[in-house]
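Please open the model in your viewer and keep the selection panel at hand. The tour goes from a sheet to one of its strands and then to the contact between chains.

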Amino acid sequence: MIKYAISDSLIITKRQLLQLIRVPEVLIFSTIQPVMFVLLFRYVFGGSISTGIPGVDYVQLLMPGIFVQTVAFTLAGTAVGLAEDMQKGLIDRFRSLPISRSAVVFGRTLGDGALNIVVLAVMGLAGYAVGWRPSSGIFSILLGFAFLLLFGFAMAWVGVLIGLSVRSARVANAAVFIAVFPLTFLSNAFAPTTGMPRALQYFAEWNPVSTMVAGCRELFGLQNIFGVTANSWPSQNPLEMSLIYMVIIMAIFIPLSVRKYINTASK
Amino acid sequence: MINPIKVFETPNDLAKIGIAGIMSPKPTATRKEIEVKTATSLGRPLKGEFNLILNQAFPEVRIWQQRGKITTIGQVKAVIAENLIKTYDKGKIRALDGLSLDVEEGTVLGVLGPNGAGKTTTVRILATLLTPDSGRASVAGIDVIKNPGKVREVIGLSGQYAAVDETLTGWDNLTMFSRLYHLSPAASKKRADELLEQFSLTDAAKRPIKTYSGGMRRRLDLAASLIVKPKILFLDEPTTGLDPRGRIEMWEVIQGLVKDGTTLLLTTQYLEEADQLADEIAVIDHGKVIARGTSDQLKKEVGGERLEIVAEAKDLKQVAEIVGKVSGGKVLVEEGSRQVSAPVTTGSRALIEAVRSLDDLGIHPLDIALKRPSLDDVFIALTGHVAEENKPEEGEVKSRRGRRK
């Protein structure tokens, strides 16, 4: 049974990779967008945002922020993809097959997580081209990327629940945007939180996006600067806090999503 | 109208009529298998002790056990639904309102009804995609509510939307679904090739589904539901939205499947389609079966035949007199179309009588016929409305205007 649960999931994942081969535009555009962000922030805002750390230019701070934003948006692809499958009746077909009840959603989140490997690699290269130089060792850098991949996987599970709950792919897209966009901007991802109103600073420092960004900056060899909550636990231990957040997200959303899939009725 | 359910009391009763022998591990024999058994075990008594397992939920399914092994089964209904009730929106929409039906093994049941009658909901329940609020259902003797996983192993489902991955090629889709049915990679490729061949899609195998015509899509969708040669196939409006050519192609494909002994439950809103494909028809409206029988039985139920004569305007009066004499019923004269008609009970004899009388008077009718009621007439007589005029049900929406014959 477990053997089938795994192989069924991988078949679903394979389907997604196959889609990328058949329609390469999807992969091209999902990498162009983050690269565009890198360039925009680097050259448009980069000149006017001060890092507050002597000798460190903005691109060093920016790259971890953009990495985290991009993987946070993994759930958009998951939600839209599932909503489309549901609209087209594909979920009905999957549900009528004698396969493991969690294979379709596990396969989907694995596939979306795997897509991030390509996206992050392309972004890393683009970042390098515009001056990003992580100063830690190779092990730390790889660990940073592993963290990013895991965060993307965790977020994909939120996407599963959204995708299976809305009526159409267009609604899914809008819902995801409303949920994730503020989360990535009310954080330390693009600008130091020190400039925010005090109340927002608290929110920003506890925001999982911020702890992820701070954690990645640490792993890429960068010192973090904080506002009012510099002494708070999440600011002091961003990696541990991020890990806790990811575990919480998965502990909540994996069972909820699987249950939603089992009980779902297509619209 | 419903055939009485055959129940075999003992394994030897079964042996007498030929359904016997060891049918494990699969306790639901298709008609074909039964024929094979007939040749080998007819009249030969079965030896040993048998225990009858009472199936509380489905008394018509009798299973005998010999030393812990299921050896014989007396089930003749491949699909049974009893008193299914399903409501949506907290009871506001009553999609199914005590629906009951059954399908005999190896036959085709056409579930005929307008949009919103509950056809799709019925199929979704039987295919384990939806749980009814109350009622019971079994497929191949397996309870769909208690044991959905087992049901999924013996059914094939093809919905009214072509539920395949449109970005992938036909071949990609079939190999993927084969793999999900746990065929080995090599067997999956082989099966995909076979099915593409069978459904004349070999040329389009390597093209994305997006480029397929509506008919090709439906055929591929159907192929995907036949990967493991299911014992029972559910087709939910298989030709809705197809052009006439696509529809006829699809009919041929379905007729081919039925010939191979697959039990089929087919929903349709096309009266002609049910007439063409189904052995038996269940007419449903507002979540209930309102009539059930063969196409002929249903037509009879609505009323007998009508004698219809079209004649020259000057002869209409005399023709009406003759028709009146032959029929004995109420004669309808339509001046505009110059048609005279009346119900008859004597069949072709009425026709001969009318022809003789007309000939005696030297009247040559333009057209003369004995008309049996169409399924359209059946529907109107049963429901009081035309099959197409109804509000759409959830999942049965979209702008699909039903075609009248």
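Two strands pair if DSSP finds at least two bridges between them, and helices (H or I, at least four residues) and strands (E, at least two) are DSSP runs numbered from the N terminus. This is a predicted model, in which local features need pLDDT of at least 70 and side-chain atom pairs count only at pLDDT 80 or more, while totals for chains, interfaces and linings use all residues. Residues are numbered from 1 along each chain as its sequence is written, and chains are lettered from A and ligands numbered from 1 in the order in which they are written.

Select the sheet of chain B, where 6 strands form an open sheet of mixed pairing in the order β9-β10-β11-β6-β12-β13. At its edges stand β9 and β13 (288-293) of chain B, each with a single partner strand, so one side of each is left without a neighbour in the sheet.

Next, select β9 (residues 155-158) of chain B, whose two faces are both covered: B:I155 and B:L157 on one side, and B:G156 and B:S158 on the other, are all buried (20 or more other C-beta atoms, placed from the backbone, within 10 Å of a residue's own). Add β10 (residues 232-236) of chain B, which pairs with β9(B) in the parallel sense over 4 bridges; here B:G156 stands opposite B:L233, and the bridge partner of B:L157 is B:F234.

Finally, show both chains: 19 residues of chain A are in contact with 22 residues of chain B, contact meaning that C-beta atoms, placed from the backbone, lie within 7 Å. On the side of chain A that touches chain B, α1 (2-22) and α5 (90-95) of chain A each supply at least two residues, and the largest share, 7 residues, comes from α1(A).

Conventions. Buried ≥ 20, exposed ≤ 12 C-beta atoms within 10 Å, placed from the backbone. Contact = placed C-beta atoms within 7 Å.
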